[in-house]
Amino acid sequence: MLRASRFTFPAHNQSEMAANLPPSPESIAYIVDDLRPQVTAFLQELVRSPSLPNREGPVQEIIAAKLRGLGLAVETLTTRFDALAGHPAFDDDGFSPDSRVNVVGRWKGSGAEGGQGSLLLNGHVDVVSPGDPSLWSDDPWSGSLRDGRIFGRGSCDMKAGLTAGIFAIEALHRLGYRPARDLLLSSVIGEESGGVGALTTIVAGVRADVVVVLEPTNGAICPVQAGALTFRLTVQGRAAHGAMKSEGVSAIAQFLPLFQAIEALDLQRHRDYTTAIYPNPANVAPISIGTIRGGEWHSTVPEAVVVEGRCGVFPGESPAQVRALLAATIAETASAHPWLAAHPPRLEWFEGQFESCATPLDHPLLTTLAAAHRQVHGTEPPVQGVPYGADLRLFVVHAAMPGVLYGPGDVRLAHAANESVGVEEVMDAMKTIAGMVVGWCGVHTD
Ligand SMILES: [Zn+2]
């Protein structure tokens, strides 16, 4: 395809710039489409940097350099566990605390300090392991482009979202736009393992009026997020030779009524929760058993069972309420079984303890974002709750920043082999994000 060798602004844009008018959706679309080769190459470059936990440094350097090149004031914030340890949302993810850097770029608004209308775009650079490489068609870090899609671990979750946010800024920059209020973009580490990167920025005082976390939502606006708590349940039995089964008490058999009670609790909680914005009302904040380890030997009656799982937190529910409810269910079930009544199961909460969060559906951020989406797609965006956790909760619950998840890509492709994202999805997200920035941050006046 022939491309113009030098970019020229459409005529209507020149008059917009002269009069400090907001860039029109048409001029945003024009510039975004012109940036397609750069957007594709940048996303490929990000994917080719295998930013597993503790190895996020190189990709953060790419992002910091890009933001500096756009004229943003760039700050790097090192995640230090000693600085986070006292925070209620701190969760030691077991990775080195001092070698992981977060990047915050600020496009200073021309308006007065402290006014309404600042915006934070946020994304994470850490990725989960690619798993078995033989399940991938290409190398998991190939960043290869095929049939309009970019492949590789992290392409969808969520280097596409970060790319869309960064290039939305570039598009606006090229249009001569200047925000009236601050526009921030933060690229953080450690989201997949609990959020120490986003928490670092919060503890450092990085704030805006609202936040858009650019996770893959397939173009849906997601203001509501369930939480999840990790638990361990230990059930005691009494060991005996398998040939003398009647002398022992199987901990596995004793666990079964508890398992049924937990499953029944999960069903009942979903029946009691009425929601209009979860696509699947039976899967909002599930309780799911992940591991069961029991017994020592095939011919020994098992002495103990250790079960680990995740317990969902519904939007509007506190972690303390959920912990109390699961504890009560276990205690009640145990009291009805003679052995369990005499040998009460032990319930512990460990590792991830993630709150749910919700931003009101009538918040002006949703209205502004929906208007920008409509300009690009011609249709209303779906407004949905999500059953999984992400950094959004940290901003909403611990930084008093209302926010939503919104970004390109399908979360069902995340964390899987042959993860990919469509370039067109990234382009559409860029147009929407740019339109939202203009609508939310406003246009500078001299
Ligand atoms: Zn993610």
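## Strands, domains and unusual backbone geometry

In β15, Val-404 is the bridge partner of Val-212. Strands here are DSSP runs of E, at least two residues long, and helices are runs of H or I, at least four residues long, all numbered from the N terminus. This is a predicted model: local features need pLDDT of at least 70, side-chain atom pairs count only at pLDDT 80 or more, and totals for chains, interfaces and linings use all residues. Residues are numbered from 1 along each chain as its sequence is written.

**Strand β7 and its partners**

β7 and β15 run parallel and are joined by 3 bridges. Two strands pair if DSSP finds at least two bridges between them. β7 also runs parallel to β3 (residues 119-124), with 4 bridges joining them. Asn-122 has Val-213 of β7 as its bridge partner.

In a regular strand the side chains alternate between the two faces of the sheet. How are the faces of strand β7 (residues 210-213) covered? Val-210 and Val-212 lie on one side, Val-211 and Val-213 on the other, and all are buried. Buried means 20 or more other C-beta atoms within 10 Å of the residue's own; exposed means 12 or fewer, and partly exposed is in between, with C-beta atoms placed from the backbone.

**Backbone exceptions**

Most residues other than glycine have a negative phi, and most peptide bonds are trans. Two residues with positive phi are listed here.

| Residue | Phi | Location | Other C-beta atoms within 10 Å |
|---|---|---|---|
| Ala-400 | about 55° | loop between α12 (392-398) and β15 (403-405) | 10, exposed |
| His-415 | about 65° | loop between β15 and β16 (420-422) | 16, partly exposed |

Neither Ala-400 nor His-415 is a glycine. A cis peptide bond joins Asp-157 and Met-158, with omega about -10°. Met-158 sits in helix α6 (residues 155-174).

**Two domains and their contact**

The domain assignment gives domain 1 (11-225 + 356-441) and domain 2 (227-354). Such bounds come from an automatic or database assignment. The centres of domain 1 and domain 2, taken over C-alpha atoms, are 37 Å apart. Domain 1 gives 11 residues to the contact and domain 2 gives 18. Contact means that the C-beta atoms of two residues, placed from the backbone, lie within 7 Å.

Which strand supplies the largest share of the side of domain 1 that touches domain 2? Strand β14 (residues 383-386) does, with 3 residues. That side of domain 1 holds 4 nonpolar, 5 polar and 2 charged residues. Nonpolar covers Ala, Val, Leu, Ile, Met, Phe, Trp, Tyr, Cys and Pro; charged covers Asp, Glu, Lys and Arg; the others, Gly among them, count as polar.
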